[in-house]
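Work through the following exercises with the structure in view. Each task is followed by a solution in steps.

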Amino acid sequence: MSGEEDARWLEWVTKQFESIAGEDKEIDLDEFKTALKVKESFFAERFFALFDSDGSSSISLDELLGALDLLIHGSETDKLRFLFQVYDVDGSGSIDPGELRTVLKSCLRESAISLSEEKLDDLTLALFESADRDASGAITFEELKAELEDFPEVMENLTISAANWLKPPEAEQKKQRTPRYLTRAYWHNNSRKLLFLCSYACLSLALFAGAVLQHRHASVCYMLAKGCGQCLNFNCTFVMVLMLRRCLTWLRATWVLRVLPLDQNILLHQIVGYAILGFTLVHTTAHVFNFAQLSERSDFGLWEYLLTTRPGIGWVKGTASVTGVVLQVVICLMGICSSTFVRRSGHFEVFYWSHLSYVWVWSLLMVHCANFWKWFVVPGLVFLLEKIIGVAVSRMGGLYIVEVNLLPSKVTHLVIKRPQFFQFKPGDYVYVNIPAIAKYEWHPFTISSAPEQSDSLWLHIRSMGQWTNRLYEYFRQLSPAAAPASRTPATRRSVEATEESLPWPRRHGAVASNEDRAVELTMYRHGDSRAGGPGRSPPDDPGTAERGEASPPTEVSAKLGENRRFCDIKCYVDGPYGTPTRQIFASEHAVLIGAGIGITPFASILQSIMYRYRGRKQNCPNCKYSWCENIKDNEMKLRKVDFIWINRDQKSFEWFVSLLTKLEMDQADEEPEGRFLEMHMYMTSALCKNDMKAIGLQMALDLLAKKEKRDSITGLRTRTQPGRPEWAKVFRKISEENKGKVHVFYCGSPALAKVIKAQCEYFSFNFYKENF
């Protein structure tokens, strides 16, 4: 740091010390723990002991500054020695296995990672054997230093972590940067949307100007009201056109998609909605002023102009003013209830029911304005036709929920018997109505099963609002039971198809422990019949008992079956409707990014991709070698797929870990052009490698993953990375692969979408956000 930065740092640390130390000017252990904000007290105690150089059980300002100066300004060796002293709990000058195990256990707790004691022993052994190079039974400082040098990225992160630990926040430096909306990359990547918005704005301006010129001999307020009124005629119809889902889904398969921003119809719908709110406010305000002027020259008061039919204004018995006031109130309520705050705060039903007021808005507009019907008649008929078709389709087929799995973090996995006529594309979504939960409510959810899975339809629903919570609680209260004997053959086939897609023992429950997955993966790799390995029948195949093959242990089935329900619950499905992800098969290099339950559209897509991938797999007739030829064709141009899944905690990975395990197994063979599907897992609650408290754990996880060829956190072959992705590095690596034009598909929180979209614009990647 420069002299100026040193002075600012010293001033900040002194100020922080005084606020923590209080009147005695000393920091004790409890105050130190509070200041450090650590979950596990082990690290606070170790850091405190090393900071307390005189052993007085308190830290003075001089001691604090001395320790921080060592960490920030010291050499690499000094920082490594500090880390060594943290691990050397008894101060013997070496680290024994017990000390290393204690440190790793604390690292796990600090990172919110839950592993068995046996797995902790494996981690300890892996790191200890690697570091104890002379097999002396203890790790010396030189051995730890040599071990860290084998991990150059860790050495770099150690320096970063030491420099940032207990360091004051850097003062924000205002950089002179070109606003994002003025950059060439932004205009290039958003050309269709921007062109459409410009056309929309020009059309609105033309309508406004035309109405104003038509009434140019009237007062300014009256001209303003008429101009906004004409714009409202157009916008109140156009807002409906943007939600003609069936028409838009059909148009996605045509050349129109290359011209119009159909993938952003929701955003455009919101923009037009806000335009309606703005035009309505101006229209009403202008009329109020106009009525105020009229009341001065007539026998009617202002309130009579606004709230009665006496002045006779309007083409239907003078009701223009009254209907206008009601419209203003209804539109304002719809605008407020449609805000992000309402929709994302667990009150989706408020948005849903208030939005149904559009029927009243259109009805009142028919009465309010003499010309509105001319704008409305054609789109209105199409809208009505869509609704009729939707009701007819949703009532056909006799759909039933045949199985429910209750997953971690209150995710409900519904398995619905799929009707023969129901055809969809990967990533599509449907509206679902379950009368047992709410008779009149329809809610949109992405289909998480692949189109090739003919007997069943999967939905994964996260409990985030009133309806979704009621859904979870409804099925949670059902007692786990075996499939009823009265189930039809078609229903049994649907359940069996679901079970076929899950490796044993996952077929017997939605949640499996790390130990279960370890057994499962090991058995599969060795072709054990109980794992449903290659060429073997699954254990729950009806013919298993006759063939004398092993069946799953009863206790495992009972344990995992607690979260599984078989049922016959009536439901209705309206759809399917297309999304931006339909373009994935027209991409060359697709990047799928799911945050949390945002994986659901990609679960369907990944399954569909791998079904097609398997269909192109070649086998050598003379040996067991198999490979997949270049799968680029008219149906699928994909050359590479990168799947990135970001989860907050460890349990969330269990939602789709069986599916991802199966996808990895499908790619067990090496490909001529490299791996077709690469998976990248991130766990945000885990401490990053740039945190001194996590370095040992991350090294141990890396070593054990290389040894066992699977990740200890998820059981996958793909190593789970701690923290959040560094998007600049991720996209730079993708760009350097040169697999063709990159298309990024995202589903998750809006805040992260903005970050990813900005990076896509920088690298000139096409960005698509799942939104409905």
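Contact means heavy atoms within 4.5 Å. Helices (H or I, at least four residues) and strands (E, at least two) are DSSP runs, numbered from the N terminus. Buried means under 20% relative accessible area, exposed over 50%, and partly exposed in between (1.4 Å probe, protein chains only).

The model is predicted: local features need pLDDT of at least 70, side-chain atom pairs count only at pLDDT 80 or more, and totals for chains, interfaces and linings use all residues. Residues are numbered from 1 along each chain as its sequence is written, and side-chain values use heavy atoms, with hydrogens and water left out.

**Exercise 1. Describe the protein as a whole.**

Step 1. Take the secondary structure: the protein has 30 helices and 15 strands.

Step 2. Take burial: 51% of the 772 residues count as buried.

Step 3. Take the contacts between residues at least 6 apart in sequence: 71% of them join residues at least 24 apart.

Step 4. Take the surface: about 36,800 Å² is exposed, and carbon and sulfur atoms supply 57% of it. Accessible areas come from the Shrake-Rupley method with a 1.4 Å probe; for residues, only the protein chains shown count as cover.

**Exercise 2. Find which residues of helix α18 are buried, and what they pack against.**

Step 1. Locate the helix: α18 covers residues 348-355.

Step 2. List its buried residues: Glu349, Phe351, Tyr352 and Ser354.

Step 3. Name the partners: these buried residues pack against α16 (320-337), α17 (340-343), β4 (443-446) and α21 (466-476).

**Exercise 3. Find the contacts of Phe767.**

Step 1. Place the residue: Phe767 lies in strand β15 (residues 766-769).

Step 2. Set aside its neighbours within four places in sequence; Phe767 then touches Val744, Tyr746, Ala753, Ile756, Lys757 and Cys760.

Step 3. Look at one of these partners: Tyr746 is 21 residues from Phe767 along the chain, and their C-alpha atoms are separated by 7.7 Å.

**Exercise 4. Compare the burial of the partners in salt bridges.**

Step 1. Recall the rule: a salt bridge is a side-chain nitrogen of Lys or Arg within 4 Å of a carboxyl oxygen of Asp or Glu. The structure holds 17 salt bridges.

Step 2. Take Arg101 and Glu117, whose closest N and O atoms are 2.4 Å apart. The pair links distant parts of the chain, with Arg101 in helix α6 (residues 97-110) and Glu117 in helix α7 (residues 117-131), 16 residues apart. Arg101 is partly exposed because its relative accessibility is 23%; Glu117 is partly exposed too, at 42%.

Step 3. Take Glu708 and Arg710, which meet at 3.7 Å, N to O. Glu708 has a relative accessible area of 22%, so Glu708 is partly exposed. Arg710 has 8%, so Arg710 counts as buried.

Step 4. Take Lys729 and Glu726, with 3.4 Å between the closest N and O atoms. Lys729 counts as exposed because its relative accessibility is 51%, while Glu726, at 49%, is partly exposed.

Step 5. Add a network of salt bridges: Lys640, Asp642, Glu678, Lys733 and Glu737 are linked.

**Exercise 5. Find which residues form a patch of negative charge on the surface.**

Step 1. Recall the rule: patches are made of residues with over 30% relative accessible area and no salt bridge, and like charges are joined within 9 Å. Lys and Arg count as positive and Asp and Glu as negative; His and the chain ends are not counted. The place of a charge is NZ of Lys, CZ of Arg, CG of Asp or CD of Glu.

Step 2. Name the members: Glu23, Asp24, Asp28 and Asp30.

Step 3. Check Asp28, found in the loop between α1 (3-21) and α2 (29-36). Its relative accessibility is 32%, so Asp28 counts as partly exposed.

Definitions and conventions:
Patch = residues over 30% accessible without salt bridge, like charges linked within 9 Å, V, L, I, M, F, W, Y side chains within 5 Å.
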